[in-house]
Structures are given as C-alpha cells and as structure tokens.
Amino acid sequence: MTASAYRGRFAPSPTGPLHLGSLSTALASFLDARAHGGAWLLRIEDLDPPREQPGATGRILASLRAHGLHWDETELFQHDRMAAYERVIAALLNSGDAFHCTCSRQDLHLGQGAHLPACPRSRTPPVGESAIRLRARDTPYRFADIFLGEVELPCPTGADDFVIRRRDGLYAYQLAVVIDDAEQQITHVVRGRDLLESTPHQVFLRARLGLAPVYYGHIPLLLNAQGQKLSKQNHAPALDDMRAPQNLLFCLEALGQLPPPPALRDACARILDWAIAHWQRALVPVQDRVVLVGSASTEH
Ligand SMILES: [Zn+2]
C-alpha cells in the first residue's frame with residue numbers, strides 16, 4: 001500500500017463533550033494518518049439516541065477545530081446510514097448468513113454457543129422481539145495490531161454468533177462500524193484499547209461482506225485514580241478548549257511521544273506539525289495509564 005492510500009478516522013459518539021481520553025484517541029489517529037501522508041476523516045457515531053446529549057456533536061466539532069485537528073471531507077453521521085445498514089442485514093438474512101434469534105447472551109453462554117430449542121434461528125422474524133445475529137464460526141481471535149504486535153484474544157464461549165441488530169431494533173455497533181468504515185474507504189483504524197475485543201468480530205464481518213482487510217491499532221486508555229477509563233460515565237472533565245495547546249502536550253506525553261521544543265509549544269498548529277514529523281508508533285505505550293486529571297503529569 002502506498003502512503004497516499006492511507007485513510008484514517010476518528011469516530012466519537014455524541015454522548016457528551018470530548019475529554020482528555022477521547023482527545024488522546026483523536027490525536028493518535030490524526031498523527032498516524034498525517035505522518036503517513038494520509039487522509040483523516042470524521043464520523044459521528046450517533047446510533048443510540050437515548051444515550052446522546054443534545055448539543056454534544058457541535059461541541060465535539062468545535063473542540064476538534066480548537067485543537068487544530070482539522071478533518072478531510074464531509075463528516076459522516078450514522079443517523080443518515082440506516083438504509084445502508086438495513087440493506088446489508090437483508091442481504092445477510094437472504095443468504096442465510098444471519099438469522100433471527102430470541103436467546104439472551106446468558107442463554108448462549110450457558111449452552112456453550114448452542115441456541116435454546118425455542119429459538120427460531122430463521123430468516124423470517126418470529127412473533128415478538130428478536131435480535132438478528134450473524135453466523136460467525138472461526139472468528140479470527142488472532143490478529144496483528146499496529147501498536148501491540150500479534151494479539152491473541154481468548155475465544156469467548158458461545159459468543160461467536162454476534163448481534164448485528166439488537167432486540168430493541170437498534171443497529172449493533174459492530175455492523176455500523178464495518179459498513180461505515182467501508183463507506184469512508186478507511187484503511188487504518190486507530191482507537192482505544194477498550195475496543196480491542198470488537199476487532200475479531202469486525203475482521204470477520206469485513207471478510208464475510210467481501211471487504212478488503214484494514215489495519216487496526218489500539219492505543220492505551222487513560223485511567224482515573226480509581227483505575228477506570230476516563231469517560232463521561234466516570235465524570236471525566238470536559239476539555240477546556242481555551243487550554244488547547246496544553247491539552248495536546250498532555251496527550252502527546254500520554255502517547256509516549258517526545259515533547260516539542262519549548263519554542264513550539266504555544267500554538268496547536270506548531271505542536272501538531274512537530275508531532276506529525278516526530279510521530280513514532282514504537283513509542284506508544286502498551287499499558288494503560290493513570291492520569292492525574294487537572295495536572296500535567298501521567299504515570300504508569
Ligand atoms: Zn438463539
């Protein structure tokens with residue numbers, strides 16, 4: 001693959017404003033793309049309306065701009081993509097690769113992957129609510145990660161046939177991500193380690209849909225003092241856009257990158273130019289990091 005063919009992306013959910021953890025992910029995907037002469041695209045993953053916060057999308061876009069993280073092309077919104085997801089599901093049902101299922105995750109776990117006798121496992125919907133699962137034997141639980149090298153995940157019992165449309169009718173994350181990565185012609189997915197376990201399913205689904213493989217890279221999470229991932233649920237403070245250069249420097253350090261010289265630290269554009277030129281995948285830490293939010297230090 002030539003460097004110019006690189007297409008990366010950042011795909012936040014508008015459940016709240018960005019925080020240092022999501023900025024770190026945005027920055028890693030941005031730097032890896034730009035350092036390889038690639039495009040960097042934006043996708044708003046607004047699949048789950050009850051979890052979304054009014055105004056969050058606008059705040060996310062404003063924060064990215066304030067930090068100099070300018071994306072290419074028009075951003076893609078998942079709420080515009082329902083017809084595309086439905087077409088793929090219809091095709092998978094039609095080919096027998098997907099089926100309606102009334103089993104819970106626990107049923108399948110207890111049955112070591114066997115469906116309950118009452119489960120229709122059929123192309124046609126049963127009376128009442130059902131999820132749609134993809135038949136997914138031989139999911140590749142081994143893959144090469146950009147930052148972690150060869151990764152081998154334990155094969156979860158009974159979890160191979162994964163949900164592509166939920167019982168409540170919402171499209172599953174795995175399905176939407178794969179179809180939208182294909183729509184945006186993404187070649188490199190750089191994201192947080194919390195999504196590592198999703199990767200085998202996405203690799204499998206891509207192959208099943210006849211899509212070319214993509215490269216996956218998972219960066220360490222930023223944890224709070226309690227060892228929890230920085231997130232809206234854990235009350236991670238929203239990014240202060242007035243401190244954009246300091247925020248970028250903080251995230252560069254968390255990503256293990258060399259700090260720019262003092263003369264280049266006062267403006268986002270200068271920090272980013274320097275960071276693109278000096279981006280080193282090998283320096284990205286493997287371990288998640290505890291950060292003392294509000295100070296400028298990180299520790300292992
Ligand atoms: Zn079932």
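Begin by selecting helix H1, where 15 of the 16 residues are buried, so that this helix is largely enclosed by the rest of the structure. Keep in mind throughout the tour that what you have on screen is a predicted model. H1 covers residues 20-35, and from its first C-alpha to its last it reaches 22 Å, which is close to the 22 Å expected at 1.5 Å a residue. If you then move along the chain past the end of the helix, you come to Gly 37, which follows H1 and has a positive phi, near 70 degrees.

**Where H1 meets H7**

Leave H1 displayed and add helix H7, residues 244-254, to the selection. Two packed helices are described by the angle between their axes and the distance between the axes. For this pair, the axes come within 9 Å and cross at roughly 70 degrees. Since angles of 65 to 115 degrees count as roughly perpendicular, H1 and H7 are therefore described as roughly perpendicular to each other. To see the contact itself, show the side chains of Leu 20, Leu 23, Ser 24 and Leu 27 on H1, together with Asn 247, Leu 248, Phe 250, Cys 251 and Ala 254 on H7. Sorted by type, the residues of this contact comprise seven nonpolar and two polar ones, with no charged residue among them.

**The nonpolar cores**

Which residues have the most contacts inside the largest nonpolar core? Select Leu 20, Leu 23, Ala 26, Leu 27, Phe 30, Cys 251 and Leu 255, for these are the residues with the most contacts inside this core, which has 44 residues. At least two residues each are supplied by H1, strand E2 (39-44), helix H2 (56-66), strand E9 (188-192), strand E10 (215-219), H7 and helix H8 (268-278). H1 gives the most to this core, contributing eight residues. There is also a second, separate core of 26 residues, and to find it you can select Leu 108, Leu 134, Val 163 and Phe 204, which are included in it. In soluble globular proteins, nonpolar side chains tend to be buried together.

**A residue of H7: Leu 252**

Return to helix H7 and pick out Leu 252, which has its place there. Leu 252 has 23 other C-beta atoms within 10 Å and is therefore buried. Once its neighbours within four places in sequence are left aside, Leu 252 is in contact with Gln 257, Pro 259 and Ala 275. You might also draw a distance line to Leu 41, which is 211 residues away along the chain, with a C-alpha separation of 20 Å from Leu 252.

**Helix H6**

Now select residues 199-208, which form helix H6; seven of its ten residues are buried, so this helix too is largely enclosed by the rest of the structure. The buried residues to display are Thr 199, Pro 200, His 201, Gln 202, Val 203, Phe 204 and Leu 205. These buried residues pack against strand E5, strand E6 (142-145), helix H5 (173-183) and strand E10. Arg 208, also in H6, is partly exposed, because it has 16 other C-beta atoms within 10 Å. Beyond the helix comes Gly 210, which follows H6 and whose phi is positive, near 75 degrees. Just ahead of the helix on your tour is Glu 197, found in the loop between E9 and H6. Glu 197 and Pro 156 lie 41 residues apart in sequence, and their C-alpha atoms are 9.9 Å apart in space.

**Two loops with a positive phi**

Most residues other than glycine have a negative phi, and most peptide bonds are trans. Select Glu 73, which is not a glycine and yet has a positive phi of about 65 degrees. Glu 73 is placed in the loop between H2 and strand E3 (76-77), and because it has 12 C-beta neighbours inside 10 Å it counts as exposed.

Next go to the loop between helix H4 (105-110) and strand E5 (131-134), where you will find Arg 121. Arg 121 likewise has a positive phi, of about 45 degrees, although it is not a glycine. With 16 C-beta neighbours inside 10 Å, Arg 121 counts as partly exposed.

Is Thr 124, the last stop, buried or exposed? Thr 124 has its place in the loop between H4 and E5, and it is exposed, because 8 other C-beta atoms lie within 10 Å. A distance line from Thr 124 to Leu 92 joins two residues that are 32 apart in sequence and 12 Å apart in space, C-alpha to C-alpha.

How values were computed
Residues are numbered from 1 along each chain as its sequence is written. This is a predicted model: local features need pLDDT of at least 70, side-chain atom pairs count only at pLDDT 80 or more; totals for chains, interfaces and linings use all residues. Helices (H or I, at least four residues) and strands (E, at least two) are DSSP runs, numbered from the N terminus. The expected span of a helix is 1.5 Å times one less than its number of residues. A residue is buried if 20 or more other C-beta atoms lie within 10 Å of its own, exposed if 12 or fewer, and partly exposed in between; C-beta atoms are placed from the backbone. Axes are lines fitted to C-alpha atoms, for helices over the stretch in contact, and angles run from 0 to 180 degrees between N-to-C directions. Angles under 35 degrees count as roughly parallel, over 145 as roughly antiparallel, 65 to 115 as roughly perpendicular and the rest as oblique. Two residues are in contact if their C-beta atoms, placed from the backbone, lie within 7 Å. Ala, Val, Leu, Ile, Met, Phe, Trp, Tyr, Cys and Pro count as nonpolar, Asp, Glu, Lys and Arg as charged, and the others, Gly among them, as polar. A nonpolar core is a set of buried Ala, Val, Leu, Ile, Met, Phe, Trp, Tyr and Cys residues joined through C-beta atoms within 7 Å.
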